[in-house]
Amino acid sequence: MPQFTIEVIIENKKMARDPEGETIAKELITRGGFSKVKSVRAGKYLRLVVEADNEVQAQQIVTDMANTLRIFNPVVHTCSIRIKSEAE
Amino acid sequence: MKVAVIQFPGSNCDLDIFHVLRNVLHVETNLVWHKNFNGTDYDSAVLPGGFSYGDYLRAGIIAAHSPAMKHIKEMAKEGKPIVGICNGFQILIESGLLPGALLRNQGTAFICKWVKIRNETSNTPFTKTIRKGAILDIPIAHAEGRYVNEHDGIRELNENEQIVFRYVDNQGKTSENSNPNGSMDSIAGICSLERNILGLMPHPERASETILSPFSGSDGLRILSSLAQI
């Protein structure tokens, strides 16, 4: 069965401040002279290899998993699930 | 009254709460590995502090799927008192037994210090002997203790008197300075709608013997002693 690489990105919603991103922006990037970078949001990144018939099915499996197991907390997080490419 | 202290891989306040319940309060208490826990054997359960599963993915989320949590949910349904302290509070949130989220502290640092909290309600089994408005000295020790909820969620907690403890200053007032981690509404602890599940970030088990307190107090005992009386 073909394998697909799926990326899961979990970020805080706007209503939940992100002190890690704020600190990276202020103390590293702005202080380091890259003033064109205006904001940073830090998140969590998972890369999954999934067996499925096709990309759509692979994405559906991960979406079901993320919702069933609460991979993100829907009160404060957004969760993006996207196909990266066919796994090597 | 028979209490279980549930041990997850990475729990590290389990022996402290066990000591207080068994040796200070003389409550029949067992340490129980999370895979061996059977809720029908106990009248109450405590989820202790620590770093279950290394806080991987999100503090509390992996332990929230432990077999023990099925029993905890069953006990909660039966109205038995459940207490989650620090990582235990995070587990209760992530298992959906308490609403909201506990995120990285606003200052990003791990905070370990004594704070003051105000009891906001005597209408829980855990605070029924503590006057509303009473100020307690108690330590916190966490990196992810910033309570966050949607606007409506915070409103519902207030309307239903579910906010049990708030961080306050020496005068007993909430303020930005007295809020150590940036929690919304200065929330330090909440209870379930049915009032039998309590989650709090501060550590009552570390404030239960005068020898351990810089204030020579034992305010944590005022919360934990409820488990001896139920």
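Biologist: Hi! Which strands do the buried residues of α3(B) pack against?

Modeller: Hello! This is a predicted model, and in it the buried residues of α3(B) pack against β3, β4, β5 (101-103) and β11 (197-200) of chain B.

Biologist: And which residues of α3(B) are buried?

Modeller: They are Asn87(B), Gly88(B), Phe89(B), Gln90(B), Ile91(B), Leu92(B), Ile93(B) and Glu94(B). That is 8 of the 8 residues of the helix, so α3(B) is largely enclosed by the rest of the structure.

Biologist: What follows α3(B)?

Modeller: Gly96(B) does, and its phi is positive, near 85°.

Biologist: Let's turn to β3(B). Are Ser44(B) and Val46(B) buried or exposed?

Modeller: Both are buried, and so are Ala45(B) and Leu47(B) on the other side. In other words, strand β3 of chain B, residues 44-47, is covered on both faces.

Biologist: Which strand do 3 bridges join to β4(B)?

Modeller: That is β3(B), and it runs parallel to β4(B), residues 82-85. Within this pair, Leu47(B) stands opposite Gly84(B). Between the two strands the chain crosses through helix α2(B), residues 67-77, in a right-handed β-α-β crossover.

Biologist: How many bridges join β1(B) to β3(B)?

Modeller: There are 3, and these strands run parallel too; β1(B) covers residues 2-7. Here Ala4(B) stands opposite Ala45(B).

Biologist: New topic, the nonpolar core. Which residues have the most contacts inside the largest one?

Modeller: Val3(B), Ile6(B) and Ala45(B), in a core of 68 residues.

Biologist: What does Ile6(B) touch, leaving out residues up to four places away in sequence?

Modeller: Ile6(B) touches Val32(B), His34(B), Phe37(B), Ala45(B), Leu47(B) and Ala68(B). There is also a second, separate core of 8 residues, which includes Ile6(A), Val8(A), Ala58(A) and Phe72(A).

Biologist: How many residues of chain B are in contact with chain A?

Modeller: The contact involves 15 residues of chain B and 12 residues of chain A. On the chain B side, 4 are nonpolar, 7 polar and 4 charged.

Biologist: Now chain B overall: how many helices and strands?

Modeller: Chain B has 6 helices and 11 strands. Its C-alpha trace spans about 45 × 35 × 30 Å along the principal axes.

Biologist: What would the radius of gyration be for a compact globule with 230 residues?

Modeller: Near 17 Å, and the 16 Å of chain B agrees with that. Buried residues make up 55% of the chain.

Biologist: Last one: what share of the contacts with a separation of 6 or more comes from residues 24 or more positions apart?

Modeller: In chain B they account for 75%.

Technical notes: Residues are numbered from 1 along each chain as its sequence is written. Chains are lettered from A and ligands numbered from 1 in the order in which they are written. This is a predicted model: local features need pLDDT of at least 70, side-chain atom pairs count only at pLDDT 80 or more; totals for chains, interfaces and linings use all residues. A residue is buried if 20 or more other C-beta atoms lie within 10 Å of its own, exposed if 12 or fewer, and partly exposed in between; C-beta atoms are placed from the backbone. Helices (H or I, at least four residues) and strands (E, at least two) are DSSP runs, numbered from the N terminus. Two strands pair if DSSP finds at least two bridges between them. A crossover is right-handed if, with the strands pointing away from the viewer, the path from the first strand over the helix to the second runs clockwise. A nonpolar core is a set of buried Ala, Val, Leu, Ile, Met, Phe, Trp, Tyr and Cys residues joined through C-beta atoms within 7 Å. Two residues are in contact if their C-beta atoms, placed from the backbone, lie within 7 Å. Ala, Val, Leu, Ile, Met, Phe, Trp, Tyr, Cys and Pro count as nonpolar, Asp, Glu, Lys and Arg as charged, and the others, Gly among them, as polar. The radius of gyration is taken over C-alpha atoms; the globule rule is 2.2 Å times the number of residues to the power 0.38.
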